[in-house]
Amino acid sequence: MNLIASGLGAAVAASGASGVAAVLPARWRAGAVGIGTSVAGVAGVVAGAAALSGRVWRSVLPNLLPLGGVRIEVDALSGWFLLVVGGVAALVGVYTAGYAGRTGTGASSRTALAALPLFVAAMLVVPVAGSVSTLLLAWELMALFSLLLVMTEHAHGSEVRSAGRWYAAMTQAGFVTILFALVWAAAACGGESFTAIRQAAPGLPGVARGGVFVLAAAGFAAKAGMVPLHPWLPRAHAEAPSHVSALMSAAMVSLGVYGIVRLGFDLLGGGPAWWWILLAAGGALSALYGILQAAVAVDVKKMLAYSTAENTGLILLGVGAAGLFADAGQPGLAGVALAAALLHVLNHAGFKTLLFFAAGAVVRATGTRDLDRLGGLGRRMPATTAAFALAALCAAALPPGNGFVSEWLLLQSLIHALPPASDLNAIAAPVAVGVVALTAGIGVAAYVKTLGTGFLARPRSSAAEAAREAGPVMLAAMAAAGLGCGLLAIAPGLTAPALTRVTMITRGGSPLTGTMRLHLPGVGALYSPLLVVVVLAVLVAGISVAARTLGRPRRRAVAWGCGDGPQTARTQYTATSFAEPLQRVFDDVLRPEQDVEVSHYDESAYLVERVRFQTRVPDRIETYLYVPLLAAGRRVGRAARVLANGSVHRYLAYGLVALLIVLVAGVSR
């Protein structure tokens, strides 16, 4: 048995054993499940690394599913996402052992711990599915187990139950569109295996190919959290336990990207420009809207969820750009754009895992996610603060963070979209460059706000003042995630050979070398992260030495406080006040709601006792799109009650009419 098959088999076996281990006594339960989940993740990484070496493995298990059985097909693209999912799962397993080790919480329940490794197993099967039925089964199992995990704390608040309803509704709506698209493709191509679809899809009519792509892309984009299909994302990520949020945001969301890449480039063999313009426009909207909402969010986990929508948007923008370049006959640029998107999938998985780990430690230590009630955690939780700061540097796409590397690659592909090749690309590329630049700028503000007000300011509540550092197991998981981010930041060239194999799916490949040099006609772009780190270190050391040598001796004195004395927590910026100037700039988009409540003394209506000011920034896409849609659905539901009046004769008539319609449709065809 080859290494791919051995790795996948070990991953599934470890996941199953971990699910059974959830019945152990509470003292051992979290540790056993965490170890088993980590083993499953490592096995997935091994299988992915073997697939990235260029090996392709196919297998059929005829007895596991009726009719077609289970088909497995593993190639370089599968290997890349196995690497992402497996790596995140391995870290989450370690973190779970510490986070869920405390009994009495929903995260330590048998149901939650049993669902976690099964969720990992379902995610590992998605990128290796080789047929429509296998993919749909794995996709639905992934949705089911993730829903159970989102509902872990359902007994502790209505917000959790609301998040579960939103997630269930939107994930099932996405599943239905994927089901229609893939069944349509299988019927038109005369077979449900990916091999049959791959061979027959280029000969399908343009309407069929376009319809399949649009339907499937909508379903996959909903799972990826792309705006405007994102309302489940801030709800589910905020209410789920933090290790589950990390697994969903860093691993599950990326599988939506996998579905679009697999269908658009591989199964359908590419498509016309309008496919990719639609996808890139959705990605640009998601990136801008997501980071704007993240910049004004005061809930730390909702802020990270909106950041996921932003990063998903950048990834899909890169995928759309790759499709545009391939359609315009620029295979080199297509390879670079897709390589940038896939590298950002890996980078996002690294820093978002670390961000949610740190946020989970904060929530566990303080009992709150509200940045306006945090502060002072830098002294009380120094290791967690350092982990969050490292991840924030990476997420803000600042050098030498790993997020900068993939965004730099994306910008390189967009900047070098030469006008002679395509007028459409010459127009779209500068707009995309502006989107990436604006997103990066607002992203810096969002993470400065979160780190500054949540960790570096004075404590603004007794819970923040009493916070204590996370346990050693949780810190070990954070350290491992931080090490991964650092490795990807300093040596991204290690991924170049694998990315070159993966991007062969664009029929051109990625012209990358191990030093991240781009070999394109007339282009000599080079980015050396290690050189950036060395230069920054030398500059900091030089400035420090110069300041000590040439500067005048420092005198310590109390700064003048304008007669107000030492600063207190009430005089420092909160997350709300920090984001207020940026919120004013984008008032027309965000449309914040403000409420001023003035209380007067009973003795006189002219004497003010208290002024209370509240502001909130609702999700306007949800307000203007989903609220009317839900209201219309409720009206239709109430009107449809007359159809179900309890009459058996009426129900039989419905069945007869439906049968006649089917018969007439069959005869006319």
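**Exercise 1.** Is Ala-397 buried or exposed?

*Solution.* The model is predicted. Start with the position: Ala-397 sits in the loop between α15 and α16. Next, take its relative accessible area, which is 11%. Buried means under 20%. Therefore Ala-397 counts as buried. Finally, check the backbone. Ala-397 is not a glycine, yet its phi is positive, at about 60 degrees.

**Exercise 2.** Classify Arg-591 by accessibility and describe its backbone.

*Solution.* Locate Arg-591 in the loop between α23 (587–590) and β3. Its phi is positive too, about 45 degrees, and Arg-591 is not a glycine. Its relative accessible area is 44%. The partly exposed class runs between 20% and 50%, so Arg-591 is partly exposed.

**Exercise 3.** Find the cis peptide bonds at Pro-228 and Pro-400, and place each proline.

*Solution.* Recall the background: most peptide bonds are trans. The bond from Val-227 to Pro-228 is cis, with omega near 10 degrees. Pro-228 lies in the loop between α8 (206–224) and α9. The bond joining Pro-399 and Pro-400 is also cis, with omega about 5 degrees. Pro-400 belongs to the loop between α15 (382–395) and α16 (402–415).

**Exercise 4.** Describe the largest pocket by volume, lining and residue class.

*Solution.* The volume is about 1200 Å³. The lining holds 36 residues. Nearest the centre are Val-296, Val-298, Thr-615, Arg-616 and Val-617. Elements giving two or more lining residues include α11 (273–296), α12 (300–327), β4 (608–616) and α24 (620–639). Split the lining by class: 15 charged, eleven nonpolar and ten polar residues.

Conventions
Residues numbered from 1 in each chain as written. Predicted model: local features only at pLDDT ≥ 70, side-chain atom pairs only at ≥ 80, totals over all residues. Heavy atoms only, no water. 1 Å grid on protein atoms, 1.4 Å probe; cavity = no way out; pocket = protein on both sides within 12 Å on 5 of 7 lines; lining within 4 Å. Points joined across faces, edges and corners; volume = space filled by probe spheres on them. Helix = DSSP H or I, 4+ residues; strand = E, 2+ residues; numbered from the N terminus. Nonpolar A, V, L, I, M, F, W, Y, C, P; charged D, E, K, R; others polar. Buried < 20%, exposed > 50% of the residue type's maximum accessible area, 1.4 Å probe, protein only.
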